[in-house]
Amino acid sequence: MASSDTVKLLGRQISDVTIAMHQAIAKTAGLTGTDHKYLGIILDKGKLTAGELSALTGLTTGAATGLIDRFEKKNLVKRVFDKEDRRKVFIVPNINKANKLFEKSNLDLKVQIDNLLLKFSDKEIKTIESYLTSTIEIMNNIIKQLNDK
């Protein structure tokens, strides 16, 4: 198999195993794999509106509201009214609760990835970084194209 074919195959395999890993991590917290990833988006953003969450994920506003409701029941987020415009509601993550919920799995993954990266030279890491950055850009472009149809 040609080298580029191998990379394409490995790209599909890492995508598949990533889904399975997040499903397994989520299961330990009583979440689905997709809810786990959506919670990650909320944690990364710090605070956002339901509309912003919909735009980032492609979820309908109704589905985003259901997601927020599920997270709120688990005390993973809370709704906070904007002080200047009470019609606007922010979704604010409970970072401490989420960190405790995923502490062991996140630490295990971080340690193993850090150890893996130690095996690569700075030049190799730059190449990996370039490939991943370009792949993310391609995927974001495809998402935009599909959502604009």
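1. Of the 149 residues of the protein, 20% count as buried. The model under review is a predicted one. Along its principal axes, the C-alpha trace spans about 55 × 40 × 25 Å. Among the contacts with a separation of 6 or more, 42% are accounted for by residues 24 or more positions apart.

2. The protein holds 6 helices and 3 strands. Read from the N terminus, the elements follow the order α-α-β-α-α-β-β-α-α. The points below take up the sheet, the core, the pocket and some individual residues.

3. The strands form an open sheet of 3 strands in the order S1-S3-S2, and the pairing is antiparallel. The edge strands are S1 (48-49) and S2 (77-81), each of which pairs on one side only. In general, the strands of a sheet pair through backbone hydrogen bonds, in either a parallel or an antiparallel sense.

4. Strand S3 covers residues 89-93 and is joined to S1 by 2 bridges, the two strands running antiparallel. Leu48 stands opposite Ile91 in S3, and Phe90 in S3 is the bridge partner of Thr49. S3 also pairs with S2, again in the antiparallel sense, over 5 bridges. Within that pairing, Lys78 stands opposite Val92 in S3.

5. Thr49 deserves a separate remark. This residue lies in strand S1. Is Thr49 buried or exposed? Thr49 is buried, because its relative accessible area is 12%, and buried means under 20%. Leaving aside residues up to four places away in sequence, Thr49 touches Lys88, Val89, Phe90 and Ile91. Phe90 is thus listed both as a contact of Thr49 and as its bridge partner in S3.

6. Lys78 has its place in the other edge strand, S2. Not counting residues up to four places away in sequence, Lys78 touches Glu72, Phe90, Ile91 and Val92. The last of these, Val92, is the residue that Lys78 stands opposite in S3. The C-alpha atoms of Lys78 and Gly62 are separated by 17 Å, and the two residues are 16 residues apart along the chain.

7. The largest nonpolar core has 19 residues, of which Leu31, Leu39, Ile42, Leu53, Phe71 and Val77 touch the most other members. H1, H2, helix H4 (61-73) and H5 each supply at least two residues of this core. H4 gives the most, with 4 residues.

8. Which residues does Ile42 touch, when those up to four places away in sequence are not counted? Its contacts are Leu48, Leu53, Phe71, Val77, Ile91 and Pro93. Of these, Leu53, Phe71 and Val77 stand beside Ile42 in the list of core members that touch the most others. Leu48 and Ile91, also touched by Ile42, stand opposite each other in the pairing of S1 with S3.

9. The largest pocket holds about 2,300 Å³ of space. In general, such empty space is shown by rolling a probe the size of a water molecule over the atoms. The lining consists of 49 residues, and Thr18, Lys37, Leu132, Ile136 and Met139 lie nearest the centre of the pocket.

10. Which helices each supply at least two residues of the lining of the largest pocket? They are H1 (3-28), H2 (33-45), H3 (50-57), H5 (95-117) and H6 (122-148). By kind, the lining residues divide into 28 nonpolar, 16 polar and 5 charged. H1, H2 and H5 are named for the pocket lining and also for the largest nonpolar core.

11. Asn75 is placed in the loop between H4 and S2. Its phi is near 60°, a positive value in a residue other than glycine. Asn75 counts as partly exposed because its relative accessibility is 44%, a value in between the cut-offs of 20% for buried and 50% for exposed.

12. Lys100 has its place in helix H5. Why does Lys100 count as exposed? Its relative accessibility is 66%, and exposed means over 50%. The C-alpha atoms of Lys100 and Val89 are separated by 26 Å, with the two residues 11 residues apart along the chain.

Definitions and conventions. Residues are numbered from 1 along each chain as its sequence is written. This is a predicted model: local features need pLDDT of at least 70, side-chain atom pairs count only at pLDDT 80 or more; totals for chains, interfaces and linings use all residues. Side-chain values use heavy atoms; hydrogens and water are left out. On a 1 Å grid over the protein atoms alone, a cavity is a set of points where a 1.4 Å probe fits but cannot get out, and a pocket is an open set with protein on both sides within 12 Å along at least five of seven lines; lining residues have an atom within 4 Å of a point. Grid points are joined across faces, edges and corners, and a volume is the space filled by probe spheres set on the points. Ala, Val, Leu, Ile, Met, Phe, Trp, Tyr, Cys and Pro count as nonpolar, Asp, Glu, Lys and Arg as charged, and the others, Gly among them, as polar. A nonpolar core is a set of buried Ala, Val, Leu, Ile, Met, Phe, Trp, Tyr and Cys residues joined through side-chain atoms within 4.5 Å. Buried means under 20% relative accessible area, exposed over 50%, partly exposed in between (1.4 Å probe, protein chains only). Contact means heavy atoms within 4.5 Å. Two strands pair if DSSP finds at least two bridges between them.
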